[in-house]
Amino acid sequence: MKHIILLRHGQSEWNLQNRFTGWTDVDLSDKGREEARLAGLKIADAALKPQFYFTSYLRRAIHTLQIAAAAMNRDWVPVVKDWHLNERHYGALQGLDKADTAGKYGETQVHLWRRSYDVEPPALTRDDARFPGNDERYSTLSDNELPLAESLKMTVDRVRPCWEEVIAPRLAVCDTVLIAAHGNSLRALAMMLLHISPDDIVNLEIPTGSPWLIATDDRLNVISNKYL
């Protein structure tokens with residue numbers, strides 16, 4: 001049996017402020033750090049011992065992993081950081097207050113941007129300071145890989161090669177892995193593992209700091225899933 005632990009980062013400063021975050025590199029709030037610590041304790045209490053960690057390039061996920069790993073006394077476990085696990089890119093909405101945005105564009109339009117499967121939010125321009133091409137950590141990415149905005153479908157397409165080429169092969173030699181990432185990149189993994197349809201995935205809410213344990217057979221067919 002294999003165990004895959006999906007862990008959405010703890011509450012971030014912009015979660016607390018109700019702002020669109022996306023690829024903006026916001027850190028954890030005090031509550032988020034405590035959520036991460038408690039997540040690590042829950043994993044340890046379940047007698048789970050991750051042998052490999054995966055996370056994104058964004059500090060709220062990286063710090064969640066570091067805090068949880070320390071709580072498990074498993075700081076030494078190898079880590080792969082992969083930009084494919086970043087949050088969905090919210091384009092020109094990044095940094096905006098969600099309530100103010102709903103007031104400007106209407107709740108129906110904002111709900112469509114946030115919850116539909118294949119509708120993109122308003123895109124950035126490449127001369128925008130928020131464009132990821134301005135960030136050193138993405139300097140090796142091609143123009144096609146640098147998003148101006150992403151739908152959930154585009155996020156799923158981005159995460160898929162990370163699952164197939166990076167995470168799944170590691171599960172061939174490890175029994176337990178932990179993936180600390182983001183609401184939408186974890187939705188993408190859930191779609192692949194649990195065969196969730198595009199219509200149903202938009203209703204899936206993954207809470208911050210709550211370890212989601214997915215048990216599979218050796219062929220990665222899901223046997224069970226639950227929150228710890």
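This passage describes an internal cavity, a helix that helps to line it, and one serine in that helix. The model is predicted.

Rolling a probe the size of a water molecule over the atoms shows where empty space is left. Across the whole structure, the search finds 1 cavity of 30 Å³ or more. The largest cavity holds about 40 Å³ of space. Its lining is formed by Arg88, Arg114, Arg115, Ser116, Leu152, Asn184, Arg187 and Val202. By class, the lining comprises 4 charged, 2 polar and 2 nonpolar residues. Two helices, α5 (107-115) and α7 (183-194), each contribute at least two residues to this lining.

Helix α7 was examined further. Its 12 residues reach 16 Å from the first C-alpha to the last, close to the 16 Å expected at 1.5 Å a residue. Of these 12 residues, 11 are buried, so α7 is largely enclosed by the rest of the structure. The buried residues include Asn184 and Arg187, both of which also line the largest cavity. Gly183, Ser185, Leu186 and Ala188 are also among the buried residues of α7. Just after the helix, His195 adopts a positive phi of about 55°.

Ser185 lies in α7. Its relative accessibility is 0%, so Ser185 counts as buried. The Ser185 side chain reaches the backbone nitrogen of His182 at 3.2 Å. Neighbours within four places in sequence aside, Ser185 is in contact with Leu85, Asn86, Glu87, Thr155 and Val159.

Methods. Residues are numbered from 1 along each chain as its sequence is written. This is a predicted model: local features need pLDDT of at least 70, side-chain atom pairs count only at pLDDT 80 or more; totals for chains, interfaces and linings use all residues. Side-chain values use heavy atoms; hydrogens and water are left out. On a 1 Å grid over the protein atoms alone, a cavity is a set of points where a 1.4 Å probe fits but cannot get out, and a pocket is an open set with protein on both sides within 12 Å along at least five of seven lines; lining residues have an atom within 4 Å of a point. Grid points are joined across faces, edges and corners, and a volume is the space filled by probe spheres set on the points. Helices (H or I, at least four residues) and strands (E, at least two) are DSSP runs, numbered from the N terminus. Ala, Val, Leu, Ile, Met, Phe, Trp, Tyr, Cys and Pro count as nonpolar, Asp, Glu, Lys and Arg as charged, and the others, Gly among them, as polar. The expected span of a helix is 1.5 Å times one less than its number of residues. Buried means under 20% relative accessible area, exposed over 50%, partly exposed in between (1.4 Å probe, protein chains only). A polar contact is a pair of N or O atoms within 3.5 Å; within protein, one must be able to donate a hydrogen and the other to accept it, and residues adjacent in sequence count only if both atoms are side-chain atoms. Contact means heavy atoms within 4.5 Å.
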